[in-house]
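Subject: Structure handover and findings

Dear colleague,

I am passing on the structure we spoke about, with my notes on what turned up in it. Please read them alongside the coordinates.

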Amino acid sequence: MRDELLPIGRFARLCRLSVKQLRHYDETGLLAPARVDPGSGYRYYAAEQARDALTIALLREADVPLAAIALALSAGPAERARILAAERDRLAERISRDRARLDVLERLADGGLPGHEVTWGREPERRLAVVRARCTPAGIGDGVGDCVARLLPALGAAGTAWKPPLWGLYPLDVTEHMEIAVGVQTDADPPPGPELLALPGGPVAETVHVGPYSQLTVAYHALFAAVHERGLTPLGPVREAYLTGPAHAAPQELTTRLVVPVQEEDAA
């Protein structure tokens, strides 16, 4: 009968779950039994609770946090859809980061330790029109895209001439809330929006990376290892010159020049 309460073992079999899972759902407040025997402590469930039990199991399998599951179960259809969409986006971002890590491991497995050639030279002072953004390390790609989307239209609308390539400027210390900038070299005063930045010249270590941006960490490993092996002090901002960008090349053909300013040896 539909009104019959099921002991936890039978309910678990009905839902293809374990008794341990159901107890955990109860203890975390996700799915309380319809009745608990006050004497024995045995848990009993109503058949109509199976849908919630199966939904919880499905969402846990998708790595949705318990708090989000609880909110989704108690929400109406529109709010539930919003909660699940947010969790979908969170999972997609994590998968993207994991793919980037996988790319790095595959490159290291195929070629051993990073083999980027590091060269030493001097950079001239550059006069850049830049726009800035704040982002997390995982959001650098979106931050750069936002900067480009603000910078180039502003320059184009004002007819401001600039010299390729695009430059990305990053702090030496990667933090959860860091400021980045994207700029271009120009002799003209920037229009409203972008700001003028005088990027100092001086000695630098540099290397060129060919491949996806997700593998830039391999190039940075080689670059900073070389700097520290020489006993030099790296300075910020770290600079990336996008010699061949996504609009003109496939990910495996992207060409990025990485430049790390270093302290003058006689000033150390």
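Y213 has a relative accessibility of 31% and therefore counts as partly exposed, since the buried class ends at under 20% and the exposed class begins at over 50%. Y242, by contrast, is at 14% and so falls in the buried class. Please keep in mind that this is a predicted model, and that the values here are computed from it.

A search of the whole structure returns three aromatic pairs. One of them joins F11 and Y45, whose rings are stacked, with 4.5 Å from centre to centre and 5° between the planes. Because F11 belongs to helix α1 (residues 8–15) and Y45 to strand β3 (residues 43–46), this pair ties together parts of the chain that are 34 residues apart in sequence. Both F11 and Y45 are buried. Another of the pairs is formed by Y213 and Y242, which meet edge-to-face at 5.8 Å centre to centre, with 75° between the planes. This pair, too, links distant parts of the chain, given that Y213 sits in the loop between β9 (202–210) and α7 while Y242 is in strand β10, 29 residues away.

A further ring contact involves a charge: R230 lies over the face of W120, at 4.0 Å from the ring centre.

Y213 also appears in the description of the largest pocket, where it is listed with P137, I140, G141 and L216 as lying nearest the pocket centre, out of 41 lining residues. The space in this pocket comes to about 1400 Å³. Several elements supply at least two lining residues each, namely α5 (77–111), α6 (140–158), β6 (163–170), α7 (216–229) and β10 (238–244). Sorted by class, the lining consists of 26 nonpolar, nine polar and six charged residues.

Finally, you may want to look at strand β5 (residues 126–135), which is mostly covered, with seven of its 10 residues buried. β5 pairs with strand β7 (residues 178–185) in the antiparallel sense over eight bridges, and with strand β8 (residues 195–199), again antiparallel, through five bridges. V130 of β5 takes part in both pairings, as its bridge partner in β7 is G183, while in β8 V130 stands opposite E195.

With best wishes

Definitions and conventions: Residues numbered from 1 in each chain as written. Predicted model: local features only at pLDDT ≥ 70, side-chain atom pairs only at ≥ 80, totals over all residues. Heavy atoms only, no water. 1 Å grid on protein atoms, 1.4 Å probe; cavity = no way out; pocket = protein on both sides within 12 Å on 5 of 7 lines; lining within 4 Å. Points joined across faces, edges and corners; volume = space filled by probe spheres on them. Helix = DSSP H or I, 4+ residues; strand = E, 2+ residues; numbered from the N terminus. Nonpolar A, V, L, I, M, F, W, Y, C, P; charged D, E, K, R; others polar. Buried < 20%, exposed > 50% of the residue type's maximum accessible area, 1.4 Å probe, protein only. Pairing = 2+ DSSP bridges. Phe/Tyr/Trp six-rings, centres within 6.5 Å; stacked < 30°, edge-to-face > 60°. Lys NZ or Arg CZ within 6 Å of the ring centre and 35° of its normal.
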